[in-house]
Amino acid sequence: MLFLLAWLHAIIQERRTYIPQGWTKFYEFSYGDLRAAEGILKELVEESRSGEIPLETIYGLLENAVYGGRIDNEFDIKVFRCYLRSIFNQEVISGARRLSNMIQVPSGGDMRSMMSLVSKLPDVDSPEIFGLPMNIDRSVQRFNSQKILLALKQLQSISSEDLKFNKEKWSEQLGPLLKLWESLVKVEEIGKHRIKVLPLLIL
């Protein structure tokens, strides 16, 4: 069960890469959500005497008490429900069906076997894992490019008073633009490099 929870958490976090096609906005799914869901699952397992986990109870608690509370869009909540029911599925748990059509869920709770299974996964996630089309990357890049162009146009519309260099104002204006650029070029290890932003000289 904990393996399925970790898979669900990873899926909904990585789906944020494909905004706005993945989610309609950036949801703050955090490690705290994972820990809270872990506590719920452990209690359900301990309370289940027959060994059968009530899946409907899992759906309700994870949606209403943990992850669903962060989602405020009707379409997004439907997507999340689909993930819940496809991952926490009796056929997947029993091994009759592969998890996300990729891997067989480990039958035991041995950490080494789980790590070995995860290490065999591809380094680059395929959009198919998230139920998205293979050409979704182009749509995301086009969307981010449009946002960057819009931000540049907003910078051009500043008044003559704003042309005087003001560190706080420029940081406020350029901050979102730099974040968009980082997501567009997919900078993964930004902490290893120093980026120096030189003031723009307007002649």
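**Entry 1: Aspartate 76**

Buried means under 20% relative accessible area. I applied this cut-off to aspartate 76 in the predicted model. Aspartate 76 has a relative accessibility of 0%, so I recorded the residue as buried. I located aspartate 76 in helix α4.

I then asked which residues aspartate 76 is in contact with, leaving aside its neighbours within four places in sequence. I listed Gly22, Trp23, Thr24, Lys25, Tyr27 and Ile71. For threonine 24 I noted a polar contact of 2.6 Å between its side chain and that of aspartate 76. For glycine 22 I looked up the C-alpha separation from aspartate 76, which is 8.5 Å. Along the chain, glycine 22 and aspartate 76 are 54 residues apart.

**Entry 2: Isoleucine 71**

Isoleucine 71 appeared among the contacts of aspartate 76, and I examined this residue next. I found isoleucine 71 in the loop between α3 and α4. Is isoleucine 71 buried or exposed? Its relative accessible area is 10%, and therefore I entered isoleucine 71 as buried.

Not counting residues up to four places away in sequence, isoleucine 71 touches Tyr27, Phe29, Asp76, Ile77 and Phe80. I also looked up tryptophan 23, which lies 48 residues from isoleucine 71 along the chain. The C-alpha atoms of this pair are separated by 9.5 Å.

**Entry 3: Helices α3 and α4**

I turned to the two helices on either side of that loop. Two packed helices are described by the angle between their axes and the distance between the axes. Helix α3 covers residues 55-66, and helix α4 covers residues 74-87. I recorded a packing angle of about 145° for α3 and α4, with the axes 10 Å apart. The crossing in which α3 passes α4 is right-handed.

Which residues make the contact? From α3 I wrote down Glu56, Tyr59, Leu62 and Glu63. From α4 I wrote down Ile77, Phe80, Arg81, Leu84 and Arg85. Sorted by class, the contact of α3 with α4 has five nonpolar and four charged residues, and no polar ones. Ile77 and Phe80 were already in my notes as residues that isoleucine 71 touches.

**Entry 4: Leucine 132**

I placed leucine 132 in the loop between α6 and α7, the latter being residues 136-156. Leucine 132 is at 10% relative accessibility, so I counted the residue as buried. Outside its neighbours up to four places away in sequence, leucine 132 touches Arg15, Tyr18, Gln21, Gly22 and Pro127.

Glycine 22 thus came up again, as one of the residues touched by leucine 132. How many residues apart in sequence are leucine 132 and glycine 22? I noted 110 residues in sequence and, from C-alpha to C-alpha, 7.6 Å in space.

**Entry 5: Backbone details**

I looked up proline 20 in the loop between α1 (2-14) and α2 (31-47). The peptide bond from isoleucine 19 to proline 20 is cis, and I recorded its omega as near 5°.

Next I checked the loop between α5 (90-94) and α6 (111-119), where I found serine 100. Serine 100 is not a glycine, yet its phi is positive, at about 55°. Its relative accessibility is 25%, so I entered serine 100 as partly exposed. Asparagine 101 is also in the loop between α5 and α6. Phi of asparagine 101 is positive as well, near 60°, again in a residue other than glycine. Because its relative accessibility is 68%, asparagine 101 went into my notes as exposed.

**Entry 6: The whole chain and its confidence**

I closed with the protein chain as a whole. Its secondary structure consists of eight helices and zero strands. Of its 203 residues, 31% count as buried. I also considered contacts between residues at least 6 apart in sequence, and 64% of these join residues at least 24 apart.

How confident is the prediction, and which elements stand at the two ends of the scale? The chain averages a pLDDT of 78, and 78% of the residues score at least 70. Among the elements, α4 has the highest mean pLDDT, 94. Helix α8 (residues 167-185) has the lowest, 69. Over residues 187-203 I found pLDDT staying under 50. For this stretch the model has eight contacts beyond four places in sequence. Where pLDDT is low, the predicted coordinates should not be read in detail.

Notes. Residues are numbered from 1 along each chain as its sequence is written. This is a predicted model: local features need pLDDT of at least 70, side-chain atom pairs count only at pLDDT 80 or more; totals for chains, interfaces and linings use all residues. Side-chain values use heavy atoms; hydrogens and water are left out. Axes are lines fitted to C-alpha atoms, for helices over the stretch in contact, and angles run from 0 to 180 degrees between N-to-C directions. Helices (H or I, at least four residues) and strands (E, at least two) are DSSP runs, numbered from the N terminus. A crossing is left-handed if the near helix is turned anticlockwise from the far one by less than a right angle, and right-handed if clockwise. Contact means heavy atoms within 4.5 Å. Ala, Val, Leu, Ile, Met, Phe, Trp, Tyr, Cys and Pro count as nonpolar, Asp, Glu, Lys and Arg as charged, and the others, Gly among them, as polar. pLDDT is the predictor's confidence in each residue, from 0 to 100. Buried means under 20% relative accessible area, exposed over 50%, partly exposed in between (1.4 Å probe, protein chains only). A polar contact is a pair of N or O atoms within 3.5 Å; within protein, one must be able to donate a hydrogen and the other to accept it, and residues adjacent in sequence count only if both atoms are side-chain atoms.
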